[in-house]
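Student: Hi, I've got a structure open here and would like to talk it through. Could we start with whatever catches your eye?

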Amino acid sequence: MTTKDIPSVDKALKSEFAAHDSPIIELIEAQTHDPFCVLVGTILSARTKDQCTAGAVKRLFAQAASGAFGPEDLERLTVEQIEKLIYPVGFYHDKARHLKQLPKVLREKFGGKLPNTVEELCELPGVGRKTANLTVAVGFDLPAICVDVHVHRICNRLGLISTKTPLETEMTLRRILPVKYWKTWNSHLVSFGQTRCAPVKPRCEGCPIKRYCVAKGR
């Protein structure tokens, strides 16, 4: 695959995406239209399957005192209560601690308002570039390239890039991927990675972008 193939590959990925359930973060945005809820959901989703994340999000968001779930609701809860609500997401002890710290840091650094840049979001507890980029793209509907294991793996399998780390992948994609694809590239590739292009034994037979792939089943 070359950069000239990006429009055709994206069209195929978009069609595949429409045929499957949306990733959990897309669903959270559709249900809440709230960047803060998207951020919390993204923190919970790290190294956790969507079904498990969905349950944790539902239990946690049900604690909202009124209206949408917000920082004040996290502030009311103890770390132990948060742990119980989000279990069994991966690293739930650390995530509960980070979520408990979030309202205070948000208030002290940003006056209680959630920032909409990757760099500022990375100043919040438990937020790395992957979480920050996804919050910007999905929560704020702004251009950002979120790179997780699926994006990193599939872009390298296609031969579009040759990188060793997700950070290197993000920076490379920022240079070569047209901005109009930034917001949806993660969603399309995550869905594709979950349903077809798995880490081991990908389903290459009938793959709509097989002709662009340099790996072809390896």
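Tutor: Sure! Keep in mind that this is a predicted model. Let's begin with the lining of the largest pocket, whose residues divide into eight nonpolar, nine polar and seven charged.

Student: Nice. What volume does the largest pocket have?

Tutor: The volume of the largest pocket is about 600 Å³. It is lined by 24 residues, and Ser-45, Arg-47, Lys-130, Asp-148 and His-150 are the closest to its centre.

Student: Which helices supply at least two residues each to that lining?

Tutor: H2, H3 and H9 do, along with helix H10 (149–158) and helix H12 (182–195).

Student: OK, switching to the interior. How many residues are in the largest nonpolar core, and which have the most contacts inside it?

Tutor: That core has 39 residues, and Leu-44, Leu-60, Leu-99 and Leu-124 have the most contacts inside it. Several helices give two or more residues to this core, among them helix H2 (24–32), helix H3 (35–45), H4 and helix H7 (92–110). The largest share comes from H3, with seven residues.

Student: And what does Leu-99 contact, leaving aside neighbours within four places in sequence?

Tutor: Leu-99 is in contact with Val-40, Ile-43, Leu-44, Leu-60, Leu-74 and Ile-82. There is also another core apart from this one, with 26 residues that include Val-9, Ile-145, Phe-192 and Cys-197.

Student: Let's look at Thr-53 for a moment. Where is it found, and is it buried or exposed?

Tutor: Thr-53 is in helix H4, residues 50–61. Its relative accessible area is 0%, so Thr-53 counts as buried. Not counting residues up to four places away in sequence, Thr-53 touches Ile-24, Gly-41, Leu-44, Ser-45, Thr-48 and Val-89.

Student: Now the rings. How many aromatic pairs are there?

Tutor: The count comes to two aromatic pairs. In one, the ring centres of Phe-61 and Phe-69 are 5.1 Å apart with the planes at 25 degrees, so that pair is stacked. Phe-61 and Phe-69 are both buried. Tyr-87 and Tyr-92 form an edge-to-face pair, at 4.9 Å centre to centre and 80 degrees between the planes.

Student: Why do Tyr-87 and Tyr-92 count as partly exposed?

Tutor: Partly exposed covers the range between the 20% and 50% cut-offs. Tyr-87 has a relative accessible area of 49%, so Tyr-87 is partly exposed. Tyr-92 is partly exposed too, because its relative accessible area is 22%.

Notes:
Residues are numbered from 1 along each chain as its sequence is written. This is a predicted model: local features need pLDDT of at least 70, side-chain atom pairs count only at pLDDT 80 or more; totals for chains, interfaces and linings use all residues. Side-chain values use heavy atoms; hydrogens and water are left out. Helices (H or I, at least four residues) and strands (E, at least two) are DSSP runs, numbered from the N terminus. Buried means under 20% relative accessible area, exposed over 50%, partly exposed in between (1.4 Å probe, protein chains only). Contact means heavy atoms within 4.5 Å. Rings of Phe, Tyr and Trp (its six-membered ring) pair if their centres lie within 6.5 Å; planes under 30 degrees apart count as stacked, over 60 as edge-to-face and the rest as tilted. A nonpolar core is a set of buried Ala, Val, Leu, Ile, Met, Phe, Trp, Tyr and Cys residues joined through side-chain atoms within 4.5 Å. On a 1 Å grid over the protein atoms alone, a cavity is a set of points where a 1.4 Å probe fits but cannot get out, and a pocket is an open set with protein on both sides within 12 Å along at least five of seven lines; lining residues have an atom within 4 Å of a point. Grid points are joined across faces, edges and corners, and a volume is the space filled by probe spheres set on the points. Ala, Val, Leu, Ile, Met, Phe, Trp, Tyr, Cys and Pro count as nonpolar, Asp, Glu, Lys and Arg as charged, and the others, Gly among them, as polar.
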